[in-house]
Amino acid sequence: MIISGIDISTYSFISAMIIFSLSVIIVLIFAKKTSFIAAYGIHFILFSIVLSIIRLLIPLDIYWAKIIDLDYILHPLEKILLFFHTDLEEMKPVFLILWGSGSLLFFLYVSRTFVMDIYTLKKLKKIKPEKTLSFIEESEFDKIDIVISPQISVPKVWGICKPHIYLPDLELDESEWRLIINHEIQHIRNHDTLIKMIILVITMIFWWNPIMLLLWKKMDHFLEMRCDTMLLKSASKNEKVSYLNMIIKVLRQTNDHRGELVSSALIHTSAYQLTKQRFESILMDVKRKRGKRFSFYLIIFLMFLSSYFIILQPRYLPEEDEIYESSTYDFILYTKDNKYLFFKDGKLYEELTKEDIKDDKYKDMEIISEE
């Protein structure tokens with residue numbers, strides 16, 4: 001269906017997937033550089049990721065878009081399919097069945113994990129050390145359930161509508177407990193568990209794209225860095241050092257923890273390089289120029305908008321019996337009700353779709369808009 005020159009087609013979806021994948025790869029490459037994050041902020045990385053996901057989820061095909069030849073990618077695939085006496089159109093139902101089956105299996109895996117997590121958390125052996133009680137009671141988030149248990153591996157937040165803070169039984173002083181709880185409360189303020197859930201659902205849909213899976217695994221680290229940034233935005237150097245010492249102390253007392261689906265944990269003991277980057281970004285003192293940062297945000301946003309004017313699509317090569325000389329009376333009429341009517345020798349010949357007019361045999365014809 002065409003709405004004011006805007007459509008959604010197979011090739012607009014393919015274009016969206018390719019643009020999303022390329023943009024995420026570029027973002028992840030820059031995200032590896034701690035100096036870049038220190039200069040432009042983790043929010044810039046997250047902003048770029050959000051635009052990439054929007055581009056993926058809204059694969060619009062705009063009439064004025066520039067078609068870029070994708071034949072060198074799809075042609076080998078077509079050759080393989082032709083060898084098995086089929087084509088891309090015939091394979092669509094098979095692709096959709098495989099796609100849906102994979103998403104269903106992913107959903108069942110996630111559902112099973114959630115049920116087991118809920119069961120485990122309900123069966124926890126709970127303790128309340130005296131040294132933390134005064135702080136918990138004074139907290140503005142006293143309505144949030146804060147549970148301390150020796151069965152918890154690392155501090156974390158679990159839940160979206162009614163979040164809970166789960167803490168391990170660690171040997172920490174009151175100031176260190178305060179830092180941990182403030183960190184977890186910041187996760188709640190940032191709605192990080194909800195964000196992780198949304199990313200998980202998108203990953204469930206696009207499970208077959210390895211770039212989507214990679215982004216899903218990296219998002220936890222980015223959200224932790226954002227939490228650090230917001231929690232320490234006005235902290236002194238000594239306060240930052242105390243914060244990092246607290247993390248080191250927690251690391252020394254915790255067992256191996258490799259992350260969970262949607263909970264927001266303070267640390268991941270198996271991700272040494274990521275923890276190292278968190279430390280470096282906190283300690284790195286770089287003066288950020290607002291004008292330069294704003295220009296980067298603006299450039300990324302303009303690139304996002306301009307990506308809608310690019311469609312990756314294989315060229316159309318008509319069969320010999322389809323080739324004919326275009327008469328001087330041949331033209332396409334674009335009507336007020338968004339229809340494309342092809343006139344041959346001055347007479348109405350047929351109604352075309354937006355995909356039809358992109359074919360080589362129509363692309364040089366004049367398109368007249370009905371007044």
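Q: Before we count anything, what is a salt bridge here?
A: A salt bridge is a side-chain nitrogen of Lys or Arg lying within 4 Å of a carboxyl oxygen of Asp or Glu. Side chains of opposite charge can pair when their charged atoms come close. Please keep in mind that this is a predicted model.

Q: OK, and how many salt bridges does that rule give?
A: The count by this rule comes to 6 salt bridges. One of them joins the side chains of Arg178 and Glu174, with 3.7 Å from N to O.

Q: Where do Arg178 and Glu174 sit relative to each other?
A: They are both in helix α7, which covers residues 174–189, and because they are 4 residues apart there, about one helical turn separates them.

Q: Is that pair buried or exposed?
A: Neither word fits, since Arg178 counts as partly exposed at 33% relative accessibility, and Glu174 also counts as partly exposed, at 38%.

Q: What about Arg278, which acids does that one pair with?
A: Arg278 forms a salt bridge with Glu224, at 3.7 Å from N to O, and another with Asp228, where the closest N and O atoms are 2.8 Å apart. Salt bridges that share partners therefore join Glu224, Asp228 and Arg278 into one network.

Q: Which helices does that network involve?
A: Arg278 is in helix α11 (residues 272–283), while Glu224 is in helix α9 (residues 210–231), and this pair links distant parts of the chain, 54 residues apart. Asp228 also lies in helix α9, so its pairing with Arg278 ties together parts that are 50 residues apart in sequence.

Q: And are those three buried or exposed?
A: Arg278 is buried, with a relative accessible area of 5%, and Glu224 counts as buried at 2% relative accessibility. Asp228 is buried as well, as is its partner Arg278.

Q: Let's zoom out, what is the protein built from?
A: The protein has 13 helices and 12 strands. Of its 371 residues, buried ones make up 42%, and the protein exposes about 21,800 Å², of which carbon and sulfur atoms supply 62%.

Q: How many of the contacts join residues far apart in sequence?
A: If you take the contacts between residues at least 6 apart in sequence, 71% of them join residues at least 24 apart.

Q: Back to α9, how does α8 lie against it, parallel or antiparallel?
A: The axes of helix α8 (residues 192–205) and α9 come within 10 Å and cross at roughly 170 degrees. That crossing angle makes α8 roughly antiparallel to α9. Among the residues making the contact are Ile195, Ile199 and Ile202 of α8, together with Leu213, Trp216 and Leu223 of α9.

Q: What about α3 and α12, parallel or antiparallel?
A: The axes of helix α3 (residues 42–57) and α12 also come within 10 Å, and they cross at roughly 10 degrees. The two helices are therefore roughly parallel to each other.

Q: Which residues meet there?
A: On the α3 side they include Phe44, Phe47 and Leu51, and on the α12 side they include Tyr297, Ile300 and Phe304.

Q: Which residues form the nonpolar patch on the surface?
A: The patch is formed by Phe294, Leu298, Phe301, Leu302 and Leu305, which together have about 470 Å² of accessible area. Leu298, for one, lies in helix α12, which covers residues 290–306, and Leu298 counts as partly exposed at 39% relative accessibility. Phe301 appears in this patch and is also among the α12 residues that meet α3.

Q: New topic, what is odd about the phi of His191?
A: Most residues other than glycine have a negative phi. His191 has a positive phi of about 55 degrees although it is not a glycine. This residue is found in the loop between α7 and α8, and His191 is exposed, with a relative accessible area of 51%.

Q: Last one, where is Glu171, and is it buried or exposed?
A: Glu171 has its place in the loop between β6 (164–168) and α7, and it counts as exposed at 59% relative accessibility.

Q: How far is Glu171 from Gln253?
A: Their C-alpha atoms are separated by 8.1 Å, while the two residues are 82 residues apart along the chain.

Technical notes:
Residues are numbered from 1 along each chain as its sequence is written. This is a predicted model: local features need pLDDT of at least 70, side-chain atom pairs count only at pLDDT 80 or more; totals for chains, interfaces and linings use all residues. Side-chain values use heavy atoms; hydrogens and water are left out. Buried means under 20% relative accessible area, exposed over 50%, partly exposed in between (1.4 Å probe, protein chains only). Patches are made of residues with over 30% relative accessible area and no salt bridge: like charges are joined within 9 Å, nonpolar side chains (Val, Leu, Ile, Met, Phe, Trp, Tyr) within 5 Å. Accessible areas come from the Shrake-Rupley method with a 1.4 Å probe; for residues, only the protein chains shown count as cover. Axes are lines fitted to C-alpha atoms, for helices over the stretch in contact, and angles run from 0 to 180 degrees between N-to-C directions. Angles under 35 degrees count as roughly parallel, over 145 as roughly antiparallel, 65 to 115 as roughly perpendicular and the rest as oblique. Contact means heavy atoms within 4.5 Å.
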